[in-house]
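I opened a new page for this one and wanted to get my bearings. These are my notes, in the order I looked things up.

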Amino acid sequence: MIIYGALLIPFIVAFILYKYFSHQTVWWELFIPLAVTLIFTFSMKALIEVVQVSSKEYWGSFVNRIEYYEAWNEYIHQICTRSCGKNCTTTYNCSYVAYHSPYWQIITTTNETVGISQNEYSRLKTLFGNESFVELNRHYHTNDGDEYISLWKNDSATAIPVTTVHNYENRVKAADQSVFHFTEVNESDKKRFSLKEYPQIKDYYKMQSVIGDSSEEGLLADKKFQYINGLLGHKKEVKIFVLIFQNQPIDAAFYQESYWSGANMNEFVICVGTDKERNVKWCKPISWTRSELLKNEVKNFVQSQTKLNLDSLAEFTKKKVDSEFVRRSFKEFDYLTVDPPMWSVILTYILTLAINIGLSVWIIRNEFEE
Amino acid sequence: MKTGIIIGVSVLTIAIILGTIGITASNKEIKLRSQITAQKEVCEAFYDKMWKIIAQKGQVAEQYKGAFKDIYPQLIEGRYGNEKGGTLMKWITESNPTFDISLYKDLQLSIEAERTGFFMEQKRLTDLNNEHRIVRQTFPASIFIGSREDIQITIVSSDATKKVMESGIENDIDIFKK
């Protein structure tokens, strides 16, 4: 609320104008700084809050179709006008040829579109093996561009998992007074517990699912979990991650939870602690889901393993998440008030002051006088 | 200059700003109060939910429902022991002497899930109450709604925990003794 203190500035400005520049100021001009400041302050507060609560979550799906649109051109016919002196305009032909570059894209099973490179298209085209031509009947100039498509046959052998990014409102992350808010993790704790960075989308649509295990088993399990994410991503609105911590105490999982701010609202993160021989030491699932039974079942399943078996964990998790996972709606945290950070409050004050000074100068110098 | 108009418009502007702040704060307070009441009911429903789990999985008769409230705070705190002994096992075998011990693991898993679920709901209740206090006590909303009543919420915990929180000393380190 301290941000609204900026609304006092136009009152002070109005007083100064009234007191010291009364001859250069018309009475209604005194309310211009107030009106502008009102709009500006409320807009700043709203904008800052949108940025503060904005979070990204990731959805899983499969490539359903790949498309290649060839390059083409079209003739744009138009007439433009130009000035030829005072009260004089002439028209001329400004038609041109518009060139449209070729592009390649995938359409996911959730009907989302992701742009890809020509090489990636070629790779997927070979995998699907059913490219077909589509005549687009364009009104082209000299180059007729058409479309080529390949379709996924709905089999697991050629299923290509896709991860897409979506925005949602996460007030918990921004409301530091909330008991659900996680404290920030410092650099030394990140190093001490080998905390994992949030994986990035690579090669247009790929995202790692098993993090912290570069063994052959780990890489195979990563593929399997990516597949599960593609399969359940849309159906259950879930994204599963497995984080492996070698030779770390269970505290690492708690720090990881804080580092990822409790994870996104659609995520189910399984933290597993092992020793160098891959013997399971602990397990802690992190998720906002209300299905606590799911968390306990996965935890017990992992802890019942002597040597970590990611393959059987994938099977178990797939079955359990499919039947029990319920995504939590962050709408239930709408009650949380989000205070803007101090730097943004100071910035708002400075900009409000600058706007008021600028308007005051204009008010004093303009042609309106008392 | 028209001093009267200037003063009039200024007062009106200030009144509109203050009125907006007051109405917004008041509405938020009422909304939070209602959410806290609803959340209290959610927490209370967990008692019944946990009783039903025990009644079904532990085959405990309805007549023991009254006595269940005595061990409820300990279950909520996770102080229920295991199949070899502890609060829960003792209570079930007293209420149902023919209880099949092999079913204990499944019962424990369900109780654990309910316990964590209850903890999350209590956490939300605390959070709502915290937000309610902040809304009422921070300036400028405090001018309009500062005098409104605080809401009393009850956090379920055992006598042992209350003693520990009051004294700051935890001597009962052998609570899971077999």
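Before anything else, a word on naming: helices here are DSSP runs of at least four residues in H or I, strands are runs of at least two in E, and both are numbered from the N terminus. I also keep in mind that this is a predicted model.

**Entry 1: the loop after helix 4 of chain B**

With that naming in hand, I went to Pro140(B), which sits in the loop between helix 4 and helix 5 (141-145) of chain B. The peptide bond between Phe139(B) and Pro140(B) is cis, with omega about 5°. I noted that down because most peptide bonds are trans.

**Entry 2: Arg136(B)**

I stayed in the area and looked up Arg136(B), which is part of helix 4 of chain B. Is Arg136(B) buried or exposed? Arg136(B) is buried, because its relative accessible area is 7% and the cut-off for buried is under 20%.

Next I checked what surrounds the side chain. A polar atom of the Arg136(B) side chain lies 3.0 Å from the backbone oxygen of Arg148(B). Leaving out residues up to four places away in sequence, Arg136(B) touches Glu29(B), Ser142(B), Ile145(B), Gly146(B), Arg148(B), Glu149(B) and Asp150(B).

**Entry 3: where the chains meet**

Then I turned to the contact between the two chains. Chain B puts 32 residues into it and chain A puts in 28. The area buried between them is about 2,700 Å², and carbon and sulfur atoms give 68% of that.

How many salt bridges are there between chain B and chain A? I found two salt bridges. One of them joins Arg290(A) to Glu121(B), with the closest N and O atoms 2.1 Å apart. I also have eleven residue pairs in polar contact between the chains, both residues at pLDDT 80 or more.

Which elements of chain B give two or more residues to the side that touches chain A? They are helix 1 (3-57) and helix 4 (104-137) of chain B. Helix 4 of chain B has the largest share, at 16 residues. By type, this side of chain B divides into 16 nonpolar, eight polar and eight charged residues.

**Entry 4: strand 6 of chain A and its partners**

Over to chain A. Strand 6 (residues 103-108) of chain A is mostly covered, with five of its six residues buried.

I looked for its partners. Strand 1 (residues 54-69) of chain A pairs with strand 6 of chain A in the antiparallel sense, over six bridges. In that pairing I can place Ile66(A) opposite Ile106(A) of strand 6 of chain A.

Strand 7 (residues 113-116) of chain A also pairs with strand 6 of chain A in the antiparallel sense, over four bridges. Here Gln105(A) has Gly115(A) in strand 7 of chain A as its bridge partner. The hairpin of strands 6 and 7 of chain A has four residues between the strands, and Asn111(A) in it takes a positive phi near 65°.

**Entry 5: the open sheet of chain A**

I moved on to an open sheet of four strands in chain A, in the order 11-12-13-14 and with mixed pairing. Strand 11 and strand 14 (280-287) of chain A are at the edges with a single partner strand each, so one side of each has no neighbour in the sheet.

I followed one pairing further: strand 11 of chain A runs parallel to strand 12 (residues 239-246) of chain A, over two bridges. Ile211(A) has Leu243(A), in strand 12 of chain A, as its bridge partner.

**Entry 6: two serines with positive phi**

Most residues other than glycine have a negative phi, and I wrote down two serines of chain A that go the other way. Ser194(A) has a phi near 50° and lies in the loop between helix 5 (187-192) and strand 11 (210-211) of chain A. At 35% relative accessibility, Ser194(A) is partly exposed. Ser261(A) also has a positive phi near 50°, and its loop runs between helix 7 (251-259) and strand 13 (267-274) of chain A.

**Entry 7: a lysine in helix 9 of chain A**

My last stop was Lys320(A), in helix 9 (residues 310-324) of chain A. Lys320(A) counts as buried because its relative accessibility is 16%. Leaving out residues up to four places away in sequence, I find Lys320(A) touching Leu294(A), Glu297(A) and Phe325(A).

Methods
Residues are numbered from 1 along each chain as its sequence is written. Chains are lettered from A and ligands numbered from 1 in the order in which they are written. This is a predicted model: local features need pLDDT of at least 70, side-chain atom pairs count only at pLDDT 80 or more; totals for chains, interfaces and linings use all residues. Side-chain values use heavy atoms; hydrogens and water are left out. Contact means heavy atoms within 4.5 Å. Buried area is the accessible area (1.4 Å probe) that two parts lose on being put together, summed over both. A salt bridge is a side-chain nitrogen of Lys or Arg within 4 Å of a carboxyl oxygen of Asp or Glu. A polar contact is a pair of N or O atoms within 3.5 Å; within protein, one must be able to donate a hydrogen and the other to accept it, and residues adjacent in sequence count only if both atoms are side-chain atoms. Ala, Val, Leu, Ile, Met, Phe, Trp, Tyr, Cys and Pro count as nonpolar, Asp, Glu, Lys and Arg as charged, and the others, Gly among them, as polar. Buried means under 20% relative accessible area, exposed over 50%, partly exposed in between (1.4 Å probe, protein chains only). Two strands pair if DSSP finds at least two bridges between them.
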